[in-house]
Every structure is written in structure tokens, then in C-alpha cells.
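I sat down with this model to look up a few things before going back to the bench. The entries are kept in the order in which I made them.

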Amino acid sequence: MTLQSKVAETEYVLFRDPENIIECEYGTFISHPRFPMRYDCNQLFNCHCPAGKADALLNKIDQLYAGKTLGFRKISGHDAPTRAFLEPILIERGWKFSQ
């Protein structure tokens, strides 16, 4: 799947801008500085976390969001193995999960 097709799957299809798309080892980070009224204007999509890499992923997310104003953080858990690897460390850090 190409980067453009990944972005096309999101609601941001009208806002495609290569300057605002960062490919990292965990997924595709999209940041839209010209779209500031939405709480979800900065997202890491198609996120996958290998076993044992939860700390590295969370550190990478912190780097990607550095300097941005966040109202809250949300992890969807669509990728079951990623959720399994992340859930214990997030609970340890005080995150709460909805059932």
C-alpha cells in the first residue's frame, strides 16, 4: 500500500500535503497545522508495535507530538497484537481502557 493510499483511507484525503506526513517505523504520522480546531489533527495511523517495543513506540509518539497542544490522548487498539504489547505498559503508566 502506498503512502498516498494510506492517507486516502483517512478523513484527511482533502488535506494531503507531503510536508505534513512523516513515515516512521511504527506508522504514518499526519500533522495538519492549518487545521487547528480539530483535536485529532495530529495522528499516527496504521500503527503497529512489535513485541518488546512498547517503550520505544511511546517515546516516538512523544517526539512526534513535541511542541503540539494536545487535549487528550487516545489509542484505538485496532491492531490486536499492538494492543496486547501496549496495554500492560499503558496501564502501568496510569492509562485507562474502555471496555
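The notes below go from the overall layout to the sheet, and then to single residues.

**Entry 1, overall layout.** I note at the outset that this is a predicted model. I looked up the secondary structure and found three helices and three strands in the protein, and reading from the N terminus the elements run α-β-β-β-α-α. For the surface, I have an accessible area of about 6,800 Å², of which 54% belongs to carbon and sulfur atoms. Of the 99 residues in the protein, 31% are buried. I also looked up how contacts spread along the chain: among those between residues at least 6 apart in sequence, 39% join residues at least 24 apart.

**Entry 2, the sheet.** I traced the three strands and found that they form an open sheet in the order β1-β2-β3, with antiparallel pairing. β1 and β3 (42-45) stand at the edges with a single partner strand each, so one side of each has no neighbour in the sheet. From one strand to the next, the twist averages 20°. As background, I wrote down that strands of a sheet pair through backbone hydrogen bonds, and that this can be parallel or antiparallel.

**Entry 3, strand partners.** I went through the pairings one by one, beginning with β1 and β2 (residues 27-31), which run antiparallel and are joined by four bridges. A hairpin connects β1 to β2 through two residues. In this pairing Ile22 stands opposite Phe29 of β2, while Cys24 has Gly27 of β2 as its bridge partner. On the other side, β2 is joined to β3 by four bridges, again antiparallel, and there I found Ile30 opposite Gln43 of β3. I then asked how many residues of β2 are buried. The strand is mostly covered, and five of its five residues are buried.

**Entry 4, the helix on the sheet.** I looked next at helix α2 (residues 54-65), which packs on the sheet and touches β1, β2 and β3. The direction of α2 makes about 145° with that of β3. To see this packing at a single residue I picked Leu64, which lies in helix α2 and is buried because its relative accessible area is 10%, under the 20% cut-off. Leaving aside residues up to four places away in sequence, Leu64 touches Ile22, Cys24, Phe29 and Leu44. Leu64 and Cys24 are 40 residues apart along the chain, yet their C-alpha atoms are separated by 9.5 Å.

**Entry 5, aromatic rings.** I searched for aromatic pairs, and the count comes to one. The rings are those of Phe29 and Tyr65, and because their centres are 5.1 Å apart and their planes stand at 75°, the pair is edge-to-face. This pair links distant parts of the chain, with Phe29 in strand β2 and Tyr65 in helix α2, 36 residues apart. I checked the burial of the two residues as well, and both Phe29 and Tyr65 are buried.

**Entry 6, cysteines.** Which cysteine sulfur is closest to that of Cys47, and why is there no bond? The closest one is in Cys49, and because the distance is 6.8 Å, the two sulfurs are too far apart for a bond; a disulfide would need them within 2.5 Å. Looking from Cys49, I found Cys47 as the closest, at 6.8 Å. The count of disulfides comes to zero. Cys49 itself is buried, because its relative accessibility is 4%.

**Entry 7, a residue in a loop.** I finished with Asn20, which is found in the loop between α1 (3-8) and β1 (21-24). Is Asn20 buried or exposed? I entered it as buried, because its relative accessibility is 11% and the cut-off for buried is under 20%. Apart from residues up to four places away in sequence, Asn20 touches Phe29, Ile30, Ser31, His32, Pro33 and Arg34. Phe29 has thus come up several times in these notes: as a contact of Asn20, opposite Ile22, as a contact of Leu64, and in the aromatic pair with Tyr65.

Methods: Residues are numbered from 1 along each chain as its sequence is written. This is a predicted model: local features need pLDDT of at least 70, side-chain atom pairs count only at pLDDT 80 or more; totals for chains, interfaces and linings use all residues. Side-chain values use heavy atoms; hydrogens and water are left out. Buried means under 20% relative accessible area, exposed over 50%, partly exposed in between (1.4 Å probe, protein chains only). Contact means heavy atoms within 4.5 Å. Two strands pair if DSSP finds at least two bridges between them. Axes are lines fitted to C-alpha atoms, for helices over the stretch in contact, and angles run from 0 to 180 degrees between N-to-C directions. Accessible areas come from the Shrake-Rupley method with a 1.4 Å probe; for residues, only the protein chains shown count as cover. Rings of Phe, Tyr and Trp (its six-membered ring) pair if their centres lie within 6.5 Å; planes under 30 degrees apart count as stacked, over 60 as edge-to-face and the rest as tilted.
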